[in-house]
Amino acid sequence: KCRLHSPVPTVERATAHLLRYGDPRFMELIDSVAKLASPTGQWPEAIHPITSGGCMGDGQHGWAAAEWIMIMRQCFVREEEDRLVIGSGIFPRWLETQDELAYGPTPTRWGDVSVRVIPRDSYYLVSIDPHWHCEPPAASIEIPGCVPVEVTDFQQSVEVRPRRELNEREQQPESELTSDPT
């Protein structure tokens with residue numbers, strides 16, 4: 001018995017994993033949908049599980065494209081009640097390339113925001129370029145695998161450090177002081 005695959009509910013499940021559960025499986029779901037995109041970045045409404053081709057509904061399903069845009073936005077910028085969460089859906093492999101990541105501008109209820117993540121040797125430099133139309137929100141940078149950072153000054157770039165680097169530093173024995181007998 002064949003089961004159809006549909007990009008829309010798959011991306012919606014990925015969104016739930018990212019937003020509500022903090023579950024890294026959202027990445028697998030996003031990857032599965034990305035593999036099914038046409039060369040023009042579109043998805044049919046339903047995809048046949050054997051042929052991986054469109055088999056029902058719209059050939060270029062606008063709803064699927066809209067869900068894709070929304071989940072990519074939420075990887076970089078999302079609104080949680082009265083604050084912004086930056087970077088919580090950034091894939092670790094995106095950072096391994098050492099290429100700068102950028103997203104925006106994207107509208108929020110406080111104004112438009114652009115985000116840049118620049119890999120450095122032992123940390124990531126994150127800049128948030130806001131254009132507020134009201135009082136700025138509370139914000140945090142929550143890149144997976146990194147120590148979360150509260151943003152207090154949107155005019156300054158923020159250093160975000162990987163958790164592994166901190167763990168390595170904490171585990172290193174402190175060097176013993178030796179005195180010179182002379």
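These exercises work through the fold, one buried charge and the salt bridges of a predicted model.

**Exercise 1. Overall composition**

Task: State how many helices and strands the protein chain has, and what share of its residues is buried.

Solution:
- Start with secondary structure. The protein chain holds 5 helices and 10 strands.
- Next, burial. Of the 182 residues, 40% are buried.
- Then the surface. The chain exposes about 11,200 Å². Carbon and sulfur atoms supply 49% of that area.
- Last, contact range. Take the contacts between residues at least 6 apart in sequence: 47% of them join residues at least 24 apart.

**Exercise 2. The mixed sheet**

Task: Give the strand order of the open sheet that contains β3, and explain which strands stand at its edges.

Solution:
- The sheet has 4 strands, in the order β3-β4-β8-β9. Its pairing is mixed, and the sheet is open.
- Now find the edges. β3 (77-80) and β9 (149-151) each have a single partner strand, so one side of each is left without a neighbour in the sheet.
- Add the geometry. From one strand to the next, the twist averages 25°.
- Zoom in on one pair. β3 and β4 (residues 83-86) run antiparallel and are joined by 4 bridges.
- Pick one bridge. Arg78 has Val85 in β4 as its bridge partner.

**Exercise 3. The antiparallel sheet**

Task: Do the same for the open sheet that contains β5, then describe how β5 connects to β6.

Solution:
- This open sheet also gets an order: β5-β6-β7-β10, 4 strands with antiparallel pairing.
- The edges are β5 and β10 (158-160). Each has a single partner strand, so one side of each lacks a neighbour in the sheet.
- The twist here averages 20° from one strand to the next.
- Turn to the first-named pair. β5 (residues 101-108) and β6 (residues 111-119) run antiparallel, with 6 bridges between them.
- The connection is a hairpin, passing through 2 residues.
- Check the register. Thr108 stands opposite Gly111 in β6. Tyr103 stands opposite Val115, also in β6.
- A general point helps when reading side chains here: in a regular strand they alternate between the two faces of the sheet.

**Exercise 4. A buried charge**

Task: Is Glu67 buried or exposed, and how far away is the nearest side chain of opposite charge?

Solution:
- Locate the residue. Glu67 sits in helix α3 (residues 62-76).
- Classify it. Glu67 is buried. The cut-off for that class is under 20% relative accessible area.
- Look for a partner. Glu67 has no salt bridge. Arg73 is the nearest side chain of opposite charge, 12 Å away.
- Compare with the cut-off. A salt bridge needs nitrogen and oxygen within 4 Å.
- List the surroundings. Neighbours within four places in sequence are set aside. Glu67 then contacts Val8, Val11 and Glu12.

**Exercise 5. Salt bridges across the chain**

Task: How many salt bridges does the whole structure have, and which parts of the chain do the Glu79 and Arg83 pairs link?

Solution:
- Begin with the principle. Side chains of opposite charge can pair when their charged atoms come close.
- Count. The whole structure has 8 salt bridges.
- Take Glu79. Its side chain meets that of Arg109 in a salt bridge, 3.3 Å from N to O.
- Place both ends. Glu79 is in strand β3 and Arg109 is in the loop between β5 and β6, so the pair ties together parts 30 residues apart in sequence.
- Check exposure. Glu79 is partly exposed at 28% relative accessible area. Arg109 is partly exposed at 45%.
- Take Arg83. Arg83 forms a salt bridge with Glu142, with the closest N and O atoms 3.3 Å apart.
- Place these ends too. Arg83 is in strand β4, and Glu142 is in the loop between β8 (138-141) and β9, 59 residues apart.
- Check exposure again. Arg83 has 26% relative accessible area and is partly exposed. Glu142, at 25%, is partly exposed as well.

**Exercise 6. A pair and a network**

Task: Describe the salt bridge between Arg161 and Glu159, then name the residues joined into one network.

Solution:
- Distance first. The closest N and O atoms of Arg161 and Glu159 are 2.9 Å apart.
- Exposure next. Arg161 is partly exposed, at 23% relative accessible area. Glu159 is partly exposed, at 41%.
- Now the network. Salt bridges with shared partners join Arg73, Glu79 and Arg109.

Definitions and conventions. Residues are numbered from 1 along each chain as its sequence is written. This is a predicted model: local features need pLDDT of at least 70, side-chain atom pairs count only at pLDDT 80 or more; totals for chains, interfaces and linings use all residues. Side-chain values use heavy atoms; hydrogens and water are left out. Buried means under 20% relative accessible area, exposed over 50%, partly exposed in between (1.4 Å probe, protein chains only). Contact means heavy atoms within 4.5 Å. Accessible areas come from the Shrake-Rupley method with a 1.4 Å probe; for residues, only the protein chains shown count as cover. Lys and Arg count as positive and Asp and Glu as negative; His and the chain ends are not counted. Two strands pair if DSSP finds at least two bridges between them. Axes are lines fitted to C-alpha atoms, for helices over the stretch in contact, and angles run from 0 to 180 degrees between N-to-C directions.
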